[in-house]
Amino acid sequence: MPGIEKLPLEETLEDSPQTRSLLGVFEEDTAAISNYCTQLYQAMQRIYDAQNELSAATHLTSRLLKEYDKQRFPLGGDDEVMSSTLQQFAKVIDELSSCHAVLSTQLADAMMFPISQFKERDLKEILTLKEVFQIASNDHDTAINRYSRLSKRRDNDKVRAEVVEDVYTSRKKQHQTMLHYFCALNTLQYKKKTALLEPLLGYMQAQISFFKLGSENLTQQWEDFLGTIGTSVQNVRREMEEEVGQMQENIQQMERSCDPLYAPCDPDPAHSPVCRNLTRKQGYLYIRNKTGLVSSSWERQYFFTQGGNLMQQGRGEVAGGLVTDLDNCSVMAVDSDDRRFCFQVTSFDGKKVVTLQAESRKDCEEWIATINNISRRIYLSENAEELAAKVNQTALEAVTPSPSFQQRHESMRPSSKGRTGRTNSISSVGSEPSPALSVLSLDALVAPDTPIQFDIISPVTEEISGQNKTAAQPGRRSNPFGESGDNSAEDSEDSILHQLFIVRFLGSMEVKTAESADVISETMRQILAARAIHNIFRMTESHLLVTCDCLKLIDPQTQVTRLRFPLSSVVQCASHQDNKRLFGFVLQAAGGRGDSRVVCYIFESNNDGEKICDSIGLAKQIAFHSEMESKAVEKKKEQDKAKEKQQEELNKQKQIEKDLEEQSRLIAASSRPANLPAPDGQFLVLSSSQSEESDVGEEGKKRGESEA
């Protein structure tokens, strides 16, 4: 091959300096080739590793896209369009992943294998021959030097023969080694061209086959699909930009409008006057907690009014807790030694006193006016604001701080001993779902488009409820469901289990299945999220009575049963995994046309929710065992009745047989003559009873003949 430099093999025996100089040039070329080949091998190794990593990453991406349907996002759900689109992408990427895997295999065979062979086999072989050649050359030089030092005076044939033999062996070895070394160096000049071209050729062929596979897989159909998805992405991006712009404008408007609200107190009272017609209020207040006999501490909590109750809720809590009952309570501003804008709320009996602090004087006066309106049950009227405007003068008397709160409370305490009743405001928030709630996509466990019931619906009509509300006496609380107090004693007295728990109703909604273990937790999540979106803090407090027959929600004031759930309809009961006060149960109720509705009810309890669930489970076990016992007793009664009936039939049959036998005996005795001689010449004498019966028979016969 022209252009290939070679070492002359015929000059290896002479081993001239020119040959050694030319050998040095070949050795330098070999070292340069080895260095360059090592760098090229490292670069190709990076290509191969990157291709393997790309193949593994592509496969992982395809697998994650296929598992999108199994993910449970809090704010995302059954988006079928997104799921189907990702499935299509997963299909394409899966095909690309297979193409990348084929490319990795081809790169390993066609690119990495040739250069690895050249690096590990050919270059190492030349290095080994070089070491052997150096050793042989050194041995030859040593043998020549020893041969040259032979003495002419002391000529020893044996020594001379050994030296000659040594020179012969070393020269032959050097010549043979040099021949093989020169041959390997000459061969390397050819191999270095193939060693550099074969990996590149394999790399390019692998890439060409990869792109061919890609062009076969990515057909026109996928191009149309990608074009459609690109258009959708641009539309979403455009909508997002419009939404972001609108939100930025809203933020600027809210910042301008809320700028006066950043200060805790308004410097201009005329700019924001105090509203004294409120019947509902919420916000942050400081509450005084006693830490000792004299010392106390202040804690910031979120307070809100719910019906006739004052509730508080911490930031980490799911629902609010009761602070005090506001019916017939007294409220007024007070002077505190260490705080401003304080007011006190005292219960109707004076046993509970709550000291609160507002941020400003306006906030304090509004809280006092709101609690005053609730105390007089203005919130129960139809036109609460108009009625509050008429009586707001009484609220003005309470906003002046009073140092002697006890005297003020004694003067404002109601004269009657009994408490005036109030009616809880019953409303169905779930019957009018807002657009914000419709955005929430429900999970597969929950029935879609199902309204959430946030409060207990009255089981009676509005007319009856209105009549009972007007007829409610002031000495007792009126029943919000229109039921009379005489029906409060519905509990089955013969039940083995009677357990009473204080619960607050959070909400209920219809679900798809009653068998899934996650249906209660999913319903809790939906109801709590909906309450947070709509700022619903009102909860109906009830007493949950667990018996062996049913579950009852009883009004704590009137002792009237609000709802009754048959125990046989309760499918399952469970508490929240993190907050044990939350619990719920699934009720399967039969519909009007034979279909069944599955409804999940969620409650919050003062006690541990697991205790209530255990109590319901115990009640179901007791009911099951009692049912089995009753069935066994009924079966035994049926068996006893069958035995008695069989015994009566046997007795009747025996009596009939006895009567027949008696009749046959009498007939035989009456048809026989009085004193017939026996066959042996003796007379047969009848007994006295038989003779009397025969006489009676003869007399009857004679009487019948005379009558005839």
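Reader: How many salt bridges does the structure hold?
Author: Keep in mind that this is a predicted model. Counting one means finding a side-chain nitrogen of Lys or Arg within 4 Å of a carboxyl oxygen of Asp or Glu. For this structure the number of salt bridges is 22.

Reader: Which residue does E522 meet in a salt bridge, and where do the two sit?
Author: E522 belongs to helix 10 (residues 519–534), while its partner is in the loop between helix 1 (17–66) and helix 2 (80–148). The pair links distant parts of the chain, 450 residues apart. The N to O distance is 3.1 Å, and the partner of E522 is R72.

Reader: Is R72 buried or exposed?
Author: Let's look at both ends of that pair. E522 has a relative accessible area of 2%, so it is buried. R72 comes in at 53% relative accessibility, and the cut-off for exposed is over 50%. So R72 counts as exposed.

Reader: Which residue is linked with R72 and E522 in a network of salt bridges?
Author: R72 and E522 already meet through their side chains. The network of salt bridges holds another name besides those two, and that name is R525.

Reader: How far apart are the closest N and O atoms of K124 and E120?
Author: Both residues are in helix 2, four residues apart, so about one helical turn separates them. In general, an α-helix has 3.6 residues a turn, so residues three or four places apart point the same way. K124 is partly exposed at 46% relative accessible area, and E120 is partly exposed at 40%. They form a salt bridge, with the closest N and O atoms apart by 3.0 Å.

Reader: Which residue forms a salt bridge with R581?
Author: R581 lies in the loop between strand 12 (570–575) and strand 13 (582–590), and its partner is in strand 14 (residues 596–605), so the pair ties together parts that are 23 residues apart in sequence. R581 is partly exposed, with a relative accessible area of 29%, whereas the partner is buried at 0%. The closest N and O atoms are 3.1 Å apart, and the partner is E604.

Reader: Now the cysteines. How many disulfides does the count come to?
Author: A disulfide is a covalent bond between the sulfur atoms of two cysteines. C548 is out, because its sulfur is 9.9 Å from the closest cysteine sulfur, in C550, too far for a bond. C573 is in no disulfide either, with the nearest cysteine sulfur, that of C613, 3.0 Å away, against a cut-off of within 2.5 Å. The count of disulfides comes to zero.

Reader: Is C548 buried or exposed?
Author: Buried means under 20% relative accessible area. C573 has 22%, so it is partly exposed. C548 has 9%, so it counts as buried.

Reader: On to the helices. Where is the kink in helix 3 centred?
Author: Helix 3 (residues 157–217) has 61 residues. From its first C-alpha to its last it reaches 87 Å, close to the 90 Å expected at 1.5 Å a residue. There is still a kink of about 35° in helix 3, and it is centred on Y190.

Reader: How many of the 15 residues of helix 5 are buried?
Author: Helix 5 (residues 361–375) should span 21 Å at 1.5 Å a residue, and its end C-alpha atoms are 21 Å apart, which agrees. Just after helix 5, R377 takes a positive phi of about 60°. Helix 5 is largely enclosed by the rest of the structure, because the buried residues number 13.

Reader: How far apart in space are N328 and N372, C-alpha to C-alpha?
Author: N328 lies in the loop between strand 4 (321–325) and strand 5 (330–334). With a relative accessible area of 17%, N328 is buried. N328 and N372 are 44 residues apart in sequence, and in space their C-alpha separation is 8.8 Å.

Reader: Which residue, 90 residues from D109 along the chain, has its C-alpha 9.3 Å away?
Author: D109 is in helix 2. At 54% relative accessibility, D109 counts as exposed. The residue whose C-alpha is 9.3 Å from that of D109 is P199.

Reader: Which residues form a nonpolar patch on the surface with M247?
Author: M247 is in helix 4 (residues 220–258). Its relative accessible area is 41%, so M247 is partly exposed. The patch has about 250 Å² of accessible area together, and the residues joining M247 are M240 and V244.

Note on methods:
Residues numbered from 1 in each chain as written. Predicted model: local features only at pLDDT ≥ 70, side-chain atom pairs only at ≥ 80, totals over all residues. Heavy atoms only, no water. Patch = residues over 30% accessible without salt bridge, like charges linked within 9 Å, V, L, I, M, F, W, Y side chains within 5 Å. Areas by Shrake-Rupley, 256 points an atom, 1.4 Å probe, with all protein chains shown as cover. Buried < 20%, exposed > 50% of the residue type's maximum accessible area, 1.4 Å probe, protein only. Expected span 1.5 Å × (residues − 1). Bend = angle between axes of the 7 residues up to and from the residue.
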